[in-house]
Amino acid sequence: MSAYTALTAAGYRAQVRDKATLFFTFAFPLLFLVVFGLIFSGQDVEETGRPYISYIAPGVMSWGVANAAVFGIAFTLMQWRRDDLLRLIRLTPTPLTTVLASRYVLALAVGVVQAAVFVAVAMLPGFGLTLDGRWPLVLPALVLGITAFLAIGVIVGTYANTPEAVAAIANCLMVPMAFLSGSFLPLDMMPSWLRQVSRVLPLRYLNDAATGALTGSGSLATIGTGCAVLFGFALLFGAIGLKTFRWSNRT
């Protein structure tokens, strides 16, 4: 068995056995959909005339997928480094790219399942999301978004040495980003200066691409721009993550 296969299989077993992680990965974002969906049920956004669910469902889905990517690898790297597992792996011929690739494939699988479950629930009569015919275009946006936020998680997991530090750093990044990027409230309702601030946030572009693909509200250019910017963020944060990666707390 190759190192990649062994690490991936170990990560999968750990994922499915941890009930708390499964709950916060899949059920927690759905709670936001239920809450916001019931609050704004049947209402339209005054600025655009579009139903709230066409903003909320793709936005909360994007936030949930991004959140899982960041927290998943950040906690894993912190724990492995603290337990000296990374130092032991480094003593083998296993390169860093294999370690990260094993987590990457798991993050992609989790993210796609998350998105599928989320969209299925959002399409129930109580919520009423209607998919556009170009919904498959959400897949490249999800892949690029997961890649970018996984890279952010690598950076968080490199600098955080305790579970509390991981939670604090990741939440400080993801919670404000969710509000500023339009995951919980449409950007059209925000002041113009906040909309400008959101342009430096990767979640803004995942939201834009996912919303355009799922609801048909944006042009193909909007979806393509979102994917291109996410690709740029993935390269940037990936380079930083590889440059700053620590195998041990002793170094």
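## Close-up views of pockets, a cavity and a helix pair

**View 1. H9 puts six residues into the wall of the second largest pocket and is its biggest contributor.** Helices here are DSSP runs (H or I, at least four residues) numbered from the N terminus. The model is a predicted one, with local features needing pLDDT of at least 70 and side-chain atom pairs counting only at pLDDT 80 or more, while totals for chains, interfaces and linings use all residues. Residues are numbered from 1 along each chain as its sequence is written, and side-chain values use heavy atoms, leaving out hydrogens and water. The second largest pocket holds about 420 Å³. A pocket is an open set of points on a 1 Å grid over the protein atoms alone, with protein on both sides within 12 Å along at least five of seven lines, and its lining residues have an atom within 4 Å of a point. Points join across faces, edges and corners, and the volume is the space filled by probe spheres set on them. Of the 21 residues lining the second largest pocket, Leu187, Arg204, Asn207, Asp208 and Thr211 sit nearest its centre. H3, helix H9 (202-215) and helix H10 (220-244) are the elements giving two or more residues each to that lining. Sorted by class, the wall has four nonpolar, eleven polar and six charged residues. Here Ala, Val, Leu, Ile, Met, Phe, Trp, Tyr, Cys and Pro are nonpolar, Asp, Glu, Lys and Arg are charged, and the others, Gly among them, are polar.

**View 2. The largest pocket comes in at about 740 Å³.** Its lining has 33 residues, and those nearest the centre are Gln15, Thr21, Thr25, Phe71 and Gly72. Helix H1 (3-17), H2, H3, H5, H6 and helix H7 (163-180) each chip in at least two lining residues. H3 takes the largest share, with 13 residues of the wall. The class tally for the largest pocket is 19 nonpolar, twelve polar and two charged residues.

**View 3. There is one cavity of 30 Å³ or more to zoom in on.** A cavity is a set of grid points where a 1.4 Å probe fits but cannot get out. The largest cavity has about 60 Å³ of space inside. Around it you'll find Thr25, Phe26, Pro29, Leu30, Met61, Gly64, Val65, Gln114, Val117 and Phe118. Helix H2 (19-39), H3 and helix H5 (96-122) are the elements that give two or more residues to this lining. H2 supplies four residues, the largest share. The cavity wall splits into seven nonpolar, three polar and no charged residues. Thr25 shows up in this cavity lining and also lies among the residues nearest the centre of the largest pocket.

**View 4. Helices H3 and H6 meet at roughly 35 degrees.** Helix H3 (residues 53-82) and helix H6 (residues 138-159) bring their axes within 7 Å of each other. Axes are lines fitted to C-alpha atoms over the stretch in contact, and angles run from 0 to 180 degrees between N-to-C directions. On the H3 side, the contact (heavy atoms within 4.5 Å) is made by residues including Met61, Val65, Ala69, Ile73, Leu77 and Arg81. H6 answers with residues including Val138, Leu142, Ile146, Phe149, Leu150 and Val156. The contact residues sort into 17 nonpolar, three polar and one charged. Met61 and Val65 belong to this contact and to the lining of the largest cavity as well.

**View 5. Asp84 has a positive phi of about 65 degrees, although it is not a glycine.** Look for Asp84 in the loop between H3 and helix H4 (85-90). Is Asp84 buried or exposed? Asp84 is buried, at a relative accessible area of 15%. Buried means under 20%, exposed over 50% and partly exposed in between, using a 1.4 Å probe on protein chains only.

**View 6. Thr98 of helix H5 touches Ala3, Tyr4 and Leu7.** Residues up to four places away in sequence are left out of that list. Thr98 counts as buried because its relative accessibility is 18%.

**View 7. Tyr159 of helix H6 is exposed.** Its relative accessible area is 54%, and Tyr159 touches Thr244 and Arg246, not counting residues up to four places away in sequence. Tyr159 and Val175 are 16 residues apart along the chain, with 19 Å between their C-alpha atoms. Val175 is found in helix H7 and is partly exposed, at 35% relative accessible area. Val175 and Ala69 are 106 residues apart in sequence, yet 14 Å apart in space, C-alpha to C-alpha.
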